[in-house]
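Me: I would like to know how the labels used for a protein model are decided. Please set each value against its definition.

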Amino acid sequence: MNILVIGSGGREHAIIAKLKENEKVNTIYALPGNAGIAQVAECVGIAATDISAIVNWAEQNKPDFAVVTPDDPLALGCVDALEAIGIPCFGPTAKAAQIEASKVFAKDLMKKYGIPTAAYEVFESFQSAKEYLQSGISYPTVIKADGLALGKGVTIAANREQALQALEDAMQNKVFGESGSRVVIEEYLEGPEVSVLAFTDSKTVVPMVSSMDHKRALDNDEGLNTGGMGTVAPNPYYTAAVANRCMEEIFLPTINAMNREGRPFKGCLYFGLMLTEKGPKVIEYNCRFGDPETQVVLPLLESDLLEIMMAVREEKLAEADVKFADKCACCVIKASKGYPQKYQSGFPIEIGTLPTDCAIFFAGVKADASGRLCTGGGRVLGVSAVAASAKEAVALAYKGAECVHFENEFMRKDIGSKALKALEK
């Protein structure tokens, strides 16, 4: 089989690495991929959002199966367009992808179907949103751009000044483009945060191993929000009792709600959860594999990813074998200094001998004129490690990260520390 994977980041690299374990897989094409992915797949220089060019390429090359992973092409209808020319796909339709593409749609869906989430208000004018912030609401409060914003459209404002600035950035300064033309202002929830990716074929839901993301750029959860600086799996706060409650109160009700709205969801649905004193609540949905959650979840998958993805597409997930190793994983992101704001790139990447059970998933990389791998983005790469315990996985991931160097690099030094403290209690 020849497989097409749409996307260019560390998540796509992790997905491709797992797909390659299937003996039936011949060639994997990555559109556009990156210089690191090019070591394991054939990269084609077509942007993930250029749907017509993707369709033209697919008509000429006729891949046997396609995996569409990033939010933008999913929201733009990449799956719909490929299925229309007879290419079977893993991923939701544009109608189903609205669950991530519009925060307003997601919040209204949860309200309508009684799925636990934070209280919220929606605003389409800067003035009315500003008046609401000055009306005596409690702080901190959360401000979200309605549309897609590369995982950076959320601000946790500690006070009114910060909230007004976030509002100005989104609605007036257009920091997130048209994604910020509407905003959701919602109550701040407290408790441990959990990421759960789930396979679903719109009938059956099979959650993957839970994980803990580290969104802030700097140690001790300080600095700006990023696309994610590292992850650990499983998340120690996500107990069997919590998992059961989430299945009954959140996962199944969400799938049923999407079906009732005429938007059946098939693919990977990401649940961003907050475990509050009143029980688990949804912070956000993503219509695809998370990044960097994928880089710790898929290395723990013992079953065949391609077979699972094909079962999802054929609505036969209930018959699929989905097993995860009883182990732990950690991913440490090495980024360009200055990320998520301004940073320099183009620096050669030196890679030593990695320890056993360590892997590098490349994200923001490019090749120079001589073919050397160089930095080419904010989050450059992730080093993932699998071990028997969380403590060993964290130590191994950092050991692996020390084997990789480039000028202007930085990484958080405390990935997994919160999880390890929780396990000590």
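Reply: The turns below take cavities, burial and helix packing one by one. This is a predicted model, in which local features need pLDDT of at least 70, side-chain atom pairs count only at pLDDT 80 or more, and totals for chains, interfaces and linings use all residues. Residues are numbered from 1 along each chain as its sequence is written, and side-chain values use heavy atoms, with hydrogens and water left out.

Me: What makes a space in this structure a cavity, and how many of 30 Å³ or more are there?

Reply: A cavity is a set of points on a 1 Å grid over the protein atoms alone where a 1.4 Å probe fits but cannot get out. The whole structure has 2 cavities of 30 Å³ or more. A volume is the space filled by probe spheres set on the points, which are joined across faces, edges and corners. By that rule the largest cavity has about 70 Å³ and the second largest about 30 Å³.

Me: Which residues line the largest cavity?

Reply: Lining residues have an atom within 4 Å of a point. Among them are Glu100, Lys103, Met110, Glu186 and Asn286. The lining divides into 5 nonpolar, 1 polar and 6 charged residues (nonpolar: Ala, Val, Leu, Ile, Met, Phe, Trp, Tyr, Cys and Pro; charged: Asp, Glu, Lys and Arg; polar: the others, Gly among them).

Me: What lines the second largest cavity?

Reply: Its lining includes Val68, Phe90, Cys268 and Arg288, and divides into 7 nonpolar, 1 polar and 1 charged.

Me: Why is Asn286 called buried?

Reply: Buried means under 20% relative accessible area, exposed over 50%, and partly exposed in between (1.4 Å probe, protein chains only). Asn286 has 6% relative accessibility, so Asn286 counts as buried. Asn286 touches Glu100, Cys268, Leu269 and Tyr270, not counting residues up to four places away in sequence (contact: heavy atoms within 4.5 Å).

Me: Is Gln165 buried, partly exposed or exposed?

Reply: At 40% relative accessibility, Gln165 falls between the two cut-offs and therefore counts as partly exposed.

Me: How do you know that α6 and α9 are roughly perpendicular?

Reply: Helices are DSSP runs (H or I, at least four residues), numbered from the N terminus. Axes are lines fitted to C-alpha atoms over the stretch in contact, and angles run from 0 to 180 degrees between N-to-C directions. Roughly perpendicular means 65 to 115 degrees. The angle between α6 and α9 is about 100 degrees, so the two helices are roughly perpendicular to each other.

Terms used
On a 1 Å grid over the protein atoms alone, a cavity is a set of points where a 1.4 Å probe fits but cannot get out, and a pocket is an open set with protein on both sides within 12 Å along at least five of seven lines; lining residues have an atom within 4 Å of a point. Angles under 35 degrees count as roughly parallel, over 145 as roughly antiparallel, 65 to 115 as roughly perpendicular and the rest as oblique.
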